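Please open the model in the viewer and follow the selections below in order.

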Amino acid sequence: LNEDERTALSELAVIEGAFSLAMAEAAVGARTRQILDDLVSRSLLVHEPEGEESWYRILETIRAFALEMGEDPEQAQRAWERVAGQTLDDLEKLPMAPERIPSLVKRGFPTVRRALEWHMEQAKSPVRLFGLTGHLWWLEDIGHQAEGAEILKRALDRWPEPNSDSAIAYGVLAGFQRFAGDLEGALRSARIAIQASDGVGAAFGHRVLGQADRRAGDWDAALEHFRLGTEAAKAGGAEGFATEIEIHAAMTLARSGDIAASNELIAGITDRAKPYPVLRAWARLFQSWIAFADDRARSREIAEEVLRESRSDSADPWVTAVAHQHLGIADLLDGDVEAGKDHLRLSLLGFLDIANRSDIALTLLAVAAMLNRDGNRDAARGVLASALAWGTRATLGGFEETMYDEIGPLPDEP
């Protein structure tokens, strides 16, 4: 390697995990693209295109060597600070509901996390930090919820006063706490977010309270929270996020038994969500879920279509996992056990990867019912025990309960 390449490699090594072209340019500066091409050609970097974006990665052994090779710690620190600054600038520019899950959050989260921690140490005011944390809500679908919650807790411990700036952080934290099973903490954070804001922070808060009421079977209270959350998101200029909350309202209508109203709402949402492919996929999967009640073939058709469209590096992991879940259940109901096993396995791996407790529980319940129907009661009891560790059958409602009953009776709780 010549001197420029050695310097560039040691500067790029300050980045943990995958990094974007913008991060690389911040670290290296002049002639970045040429140097990156040279390092890729020498197998010192891996180029990982994602759509129209270029992402790179250094193998960990090479990264460790490059860090060791660097002779100037101050130069490495300056390189990291440039990367952190660029990362925060890029994070700040993200819309609340982009066309797809942002690569910066999905692939670059280790750098996003370090950059937010670095900013927290430097900042004298929390205003920018709290604004940036709103984009962490995508972690609900891609994992890292515990790490996201830790960042938010540290920020709120340092600047605990509830206000319009911190409301988003409290609201996003509430979502992470709900995912972790800390319902008491989630409700507390959600109420603080609502009290402190009438915009996007309040929208996050109402979303979590609505989800809690839906789980408890209080349909009217849940629908009211989703209505208020939708209005708050629109007032804060987050139209895409408002659409996501409306999907929760449609789900609540279906679980309450009002399938007609749910279908009407979700049809409108699917049309409005066209600018947001990720949200449209969510709405389409919900149409698939509803169709289980009276048109299983249509349900399968929708899930297969969503799965075909989601086969890319930038796909939402939750969307892919749910599509497999729907297809697996459809296979079981149609008597194709082997195909059902394959889809449910892929579904379960996807949900475990992003730590989605409720969908892990639902998928395991389907597996338990399948095993029980086939006479394998001991295995069914074991799987049911796992399902109950992640959630309970009380999370089911309306057509979902009917659907699982069709698969076969669940074994007695151990």
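Select R33 and S41 on helix 3: both are exposed, on the side of the helix opposite its buried residues. The model is a predicted one.

Now turn to the other side and select T32, I35, L36, D38 and L39, the buried residues of helix 3, which spans residues 32-41. Viewed down the axis of helix 3, these buried residues fall within an arc of 160°, so they line one face of the helix. An α-helix has 3.6 residues a turn, so residues three or four places apart point the same way.

Which elements do the buried residues of helix 3 pack against? Display helix 1 (3-12), helix 2 (21-28) and strand 3 (53-57), which are their packing partners. Before leaving this region, select S43, which follows helix 3 and has a positive phi, near 65°.

Next, select helix 13 (residues 200-215) together with helix 15 (residues 239-255); they pack at an angle of about 15°, and their axes lie 11 Å apart. Because angles under 35 degrees count as roughly parallel, helix 13 is roughly parallel to helix 15. The crossing in which helix 13 passes helix 15 is left-handed.

To inspect the contact, show the side chains on each helix in turn:

- On helix 13, select V200, A203, F204, R207, Q211 and R214.
- On helix 15, select F241, E244, I245, H248, M251, T252 and R255.

Finally, colour this selection by residue class: the contact of helix 13 with helix 15 comprises six nonpolar, three polar and four charged residues.

Technical notes. Residues are numbered from 1 along each chain as its sequence is written. This is a predicted model: local features need pLDDT of at least 70, side-chain atom pairs count only at pLDDT 80 or more; totals for chains, interfaces and linings use all residues. Side-chain values use heavy atoms; hydrogens and water are left out. Buried means under 20% relative accessible area, exposed over 50%, partly exposed in between (1.4 Å probe, protein chains only). Helices (H or I, at least four residues) and strands (E, at least two) are DSSP runs, numbered from the N terminus. The arc is that of the directions from the helix axis to the C-beta atoms. Contact means heavy atoms within 4.5 Å. Axes are lines fitted to C-alpha atoms, for helices over the stretch in contact, and angles run from 0 to 180 degrees between N-to-C directions. Angles under 35 degrees count as roughly parallel, over 145 as roughly antiparallel, 65 to 115 as roughly perpendicular and the rest as oblique. A crossing is left-handed if the near helix is turned anticlockwise from the far one by less than a right angle, and right-handed if clockwise. Ala, Val, Leu, Ile, Met, Phe, Trp, Tyr, Cys and Pro count as nonpolar, Asp, Glu, Lys and Arg as charged, and the others, Gly among them, as polar.
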